[in-house]
Amino acid sequence: QVQLAESGGGSVHAGGSLTLSCTASGFSNNNYDAAWFRQAPGKEREGVAAIYHGSDGSDTPRVIDSVKGRFTISRDTSKNTVYLHMNNLEPGDTAMYYCAASPSYGVIEYPIRKMNYGYWGQGTQVTVSS
């Protein structure tokens, strides 16, 4: 049974940083793709960053243009954990952030779409004040 556990949300001032963590269980050999989505009140859930597990064991990260240069996604395979490092946060980044995952088939699916992920975490709130 796959489970995703998120942590790391909080409240910061604009310009601050946060790192979100998503620890996965139930996948074999870290053979899964993972992504971070966010949803602000009244808005659609948006894919922000994804990391794709290649057949050679390498990871390919992707982030959307609006956070490029500020957000990065990484994975620590020894901890079965995917991170979203968020720097220079802006009030527009305020949202509930969700971790999502799916078994990897060695394909980079971009844009980052909800339909490509079958497992979801419970969400962690990020609030950025001006």
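Among the contacts in the protein chain that join residues at least 6 apart in sequence, 61% are between residues at least 24 apart. This picture comes from a predicted model, and the chain in it holds 11 strands and 0 helices. One link between distant parts of the chain is a disulfide, which joins Cys22 to Cys99, and these two residues lie 77 residues apart.

**Overall build**

- Read from the N terminus on, the elements of the protein chain follow the order β-β-β-β-β-β-β-β-β-β-β, and the radius of gyration is 14 Å, close to the 14 Å that the globule rule gives for 130 residues, so the chain is as compact as a globular protein of that length.
- Taken along the principal axes, the box filled by the C-alpha atoms of the protein chain is roughly 45 × 25 × 25 Å.
- Of the 130 residues in the protein chain, 44% are buried.

**Surface and charge**

- The protein chain has an accessible surface of about 6600 Å², and carbon and sulfur atoms account for 47% of that surface.
- The protein chain carries 10 positive and 11 negative charges, and the mean positions of these two sets are 3 Å apart.

**The disulfide**

- A search of the whole structure finds 1 disulfide, and in this link of Cys22 to Cys99 the distance from S to S is 2.0 Å.
- Cys22 belongs to strand 3, which covers residues 18-25, while Cys99 belongs to strand 9, which covers residues 95-103.
- The angle about the S-S bond is -75°, and the link of Cys22 and Cys99 is left-handed.
- Are Cys22 and Cys99 buried or exposed? Both Cys22 and Cys99 are buried.

**Tyr83 and Ile73, two buried strand residues in contact**

- Tyr83 is found in strand 8, which covers residues 81-86, and Tyr83 counts as buried because its relative accessible area is 18%, which falls under the 20% cut-off.
- Leaving aside residues up to four places away in sequence, Tyr83 touches Thr19, Leu20, Ser21, Trp36, Thr72, Ile73, Ser74 and Asp76.
- Tyr83 and Ser66 are 17 residues apart along the chain, and their C-alpha atoms are separated by 18 Å.
- Ile73 lies in strand 7, and with a relative accessible area of 8% Ile73 is buried.
- The residues that Ile73 touches, again not counting those up to four places away in sequence, are Ala34, Trp36, Ala49, Ala50, Ile51, Pro61, Arg62, Val82, Tyr83 and Leu84.
- One of these partners, Ile51, is 22 residues from Ile73 along the chain, and the C-alpha atoms of Ile73 and Ile51 are separated by 6.7 Å.
- Trp36 appears among the contacts of Tyr83 and also among the contacts of Ile73.

**Asn30 and its loop**

- Asn30 is found in the loop between strand 3 and strand 4, the latter covering residues 32-39.
- Is Asn30 buried or exposed? Although Asn30 sits in a loop, Asn30 is buried, with a relative accessible area of 11%.
- Asn30 touches His53, Arg75, Thr77 and Asn80, with residues up to four places away in sequence not counted.

**Backbone details in the loops**

- Asn80, one of the residues that Asn30 touches, has its place in the loop between strand 7 (71-76) and strand 8.
- Phi of Asn80 is near 50°, which is a positive value in a residue other than glycine, and Asn80 is partly exposed, with a relative accessible area of 31%.
- Asn88 is placed in the loop between strand 8 and strand 9, and phi of Asn88 is also a positive value in a residue other than glycine, near 50°.
- Why does Asn88 count as partly exposed? Asn88 counts as partly exposed because its relative accessibility is 43%, and the partly exposed class lies between the cut-offs of 20% and 50%.
- The peptide bond from Tyr110 to Pro111 is cis, with omega near 10°, and Pro111 is found in the loop between strand 9 and strand 10, the latter covering residues 119-120.

Key
Residues numbered from 1 in each chain as written. Predicted model: local features only at pLDDT ≥ 70, side-chain atom pairs only at ≥ 80, totals over all residues. Heavy atoms only, no water. Helix = DSSP H or I, 4+ residues; strand = E, 2+ residues; numbered from the N terminus. Rg over C-alpha atoms; globule rule 2.2 N^0.38 Å. Buried < 20%, exposed > 50% of the residue type's maximum accessible area, 1.4 Å probe, protein only. Contact = heavy atoms within 4.5 Å. Areas by Shrake-Rupley, 256 points an atom, 1.4 Å probe, with all protein chains shown as cover. Lys, Arg positive; Asp, Glu negative; His and termini not counted. Charge placed at Lys NZ, Arg CZ, Asp CG, Glu CD. Disulfide = S-S within 2.5 Å.
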